[in-house]
Each structure stands twice: as structure tokens, then as C-alpha cells.
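Here is a short tour of one protein model. It starts with the sheet, moves on to the helices, and ends with the pocket.

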Amino acid sequence: MIHHERNLTIDAAPEAVWAVLSQYMHIDEFAPQITSVDALTDGEVGLGSKRRNHFVNGTSVVEEVTIWKPGSGYTVKLSDMAAMPLHEANSEIRITPTGGQSKVTWTFDYRVKYGPIGWLMGQTMMKIMMGKIIDANLQGLSEKVRAT
């Protein structure tokens, strides 16, 4: 698996950041590349919750919560990734308190199709692309937290 990680310190208490992140079915409110979300599970959000994220480019992906830590973050497993050159992928969002602020860490771990050529593509082009997407998501999260 290739690991990619980005961080942003948000000038808000962890509770304020969690208040936005815990609205799991509403990631489209701060992630600029996501145009809409379909809730694929009913009931309270948490472990096992599933959503389908629809992207600006017309593709979509399903994310299922595999770890849910109220107040500090969650991990999702991606599936239905036919439009992506990935065998598997997971993503984690963590909130770490830092003196009245919140350090938010967003990771993306993935295994690319196409053997060694795919691995090289994952280490170069995909890392650049994912870095830009995660940075935009973190910035959008920060703006949403400040506006709330």
C-alpha cells in the first residue's frame, strides 16, 4: 500500500471540528470535488455507515466506516472504484488537540492496479493528485468549521 498524509491546523477546538466531521453524510458541504452524497445506510452514523460520494468528473465511490472514534476521527474503506485505477484504498481523518486548536490529519492508503507501472504511477502522478484533493478537503473543512 502507498501511504499519503496531509495535515492542517485549524483554529478551532476539536469539538468544533468533530461537529462538522461527524456529519458523515454531508462531506459534500466542505469537500470541493464531491458534488453530492447518497446515504447507503439508515440510522445513526458510526461504524458500518456507508455513503456514495459523487464527484465533479461524474464518477463515484462508496466509503464504509471501519473505525469510528467519536470526537477524534474515523477510518473508511473505499469500494465501487471502477473509475479509479485502484485495487484497494482506505482513508483516515484524525483530530489531535493542540493548545486550543485542532491538528487534522487526513491519510490515504492505496494499492494501484497494473503491477510495477501502477506502483510508479501511484508514487508520482497519484500522490500529486491526491495531495491536491486532500489539501482542498482540509481547507474546505477549516472554512466550514469557522463558518459554523
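Seven strands build an open sheet in the order β1-β7-β6-β5-β4-β3-β2, with antiparallel pairing. The edge strands are β1 (2–10) and β2 (34–39), and each of them pairs on one side only. On average, neighbouring strands of this sheet are turned by 25° against each other, direction ignored.

This is a predicted model: local features need pLDDT of at least 70, side-chain atom pairs count only at pLDDT 80 or more, and totals for chains, interfaces and linings use all residues. Residues are numbered from 1 along each chain as its sequence is written, and side-chain values use heavy atoms, with hydrogens and water left out.

Some terms come first. Helices (H or I, at least four residues) and strands (E, at least two) are DSSP runs, numbered from the N terminus. Two strands pair if DSSP finds at least two bridges between them. Angles run from 0 to 180 degrees between N-to-C directions, and axes are lines fitted to C-alpha atoms, for helices over the stretch in contact.

**The sheet, strand by strand**

Strands of a sheet pair through backbone hydrogen bonds, either parallel or antiparallel. The table lists four antiparallel pairs.

| Strand pair | Bridges | Residues between the strands | Turn residue with positive phi |
|---|---|---|---|
| β3 and β4 | five | four | Gly-58, near 90° |
| β4 and β5 | seven | three | Gly-71, about 90° |
| β5 and β6 | six | six | Asp-80, about 50° |
| β6 and β7 | 12 | two | Gly-99, near 55° |

Individual bridges can be traced too. Lys-50 has Glu-64 in β4 as its bridge partner. Val-62 stands opposite Ser-79 in β5. Val-65 is bridged to Val-76, also in β5. Gly-73 has its partner in β6, namely Arg-94. Ile-95 is matched with Val-104 in β7.

**A closer look at Ile-95**

Ile-95 sits in strand β6. Is Ile-95 buried or exposed? Ile-95 is buried, because its relative accessible area is 7%. Buried here means under 20% relative accessible area, exposed means over 50%, and partly exposed lies in between (1.4 Å probe, protein chains only).

Which residues does Ile-95 touch, leaving aside its neighbours within four places in sequence? They are Pro-14, Val-17, Trp-18, Leu-21, Gly-71, Ser-72, Ser-102 and Lys-103. Contact means heavy atoms within 4.5 Å. Glu-5 is 90 residues away from Ile-95 along the chain, and their C-alpha atoms are separated by 13 Å.

**The helices**

Helix α1 (residues 14–21) lies across β1, β4, β5, β6 and β7. Helix α1 runs at about 150° to β6. Helix α3 lies across β1, β6 and β7, and runs at about 25° to β1.

Ser-142 belongs to helix α3. Ser-142 counts as buried because its relative accessibility is 5%. Ser-142 touches Leu-8 and Ile-10, not counting residues up to four places away in sequence.

Two packed helices are described by the angle between their axes and the distance between the axes. For helix α2 (residues 115–123) and α3, the axes come within 3 Å and cross at roughly 35°. Met-121, Gly-122 and Gln-123 in α2 meet Met-125, Met-126 and Lys-127 in α3. By class, this contact of α2 with α3 has three nonpolar, two polar and one charged residues. Ala, Val, Leu, Ile, Met, Phe, Trp, Tyr, Cys and Pro count as nonpolar, Asp, Glu, Lys and Arg as charged, and the others, Gly among them, as polar.

**The largest pocket**

How much space lies in the largest pocket? About 600 Å³. Of the 32 residues that line the largest pocket, Phe-55, Met-84, Met-129, Met-130 and Ile-133 are the closest to its centre. Two or more lining residues come from each of β3 (50–55), β4 (60–69), β5 (73–79), β6 (86–98), β7 (101–112) and α3 (125–147). Helix α3 gives the most to the lining, with seven residues. By class, the lining has 21 nonpolar, eight polar and three charged residues.

A pocket is an open set of points on a 1 Å grid over the protein atoms alone, where a 1.4 Å probe fits, with protein on both sides within 12 Å along at least five of seven lines; lining residues have an atom within 4 Å of a point. Grid points are joined across faces, edges and corners, and a volume is the space filled by probe spheres set on the points.
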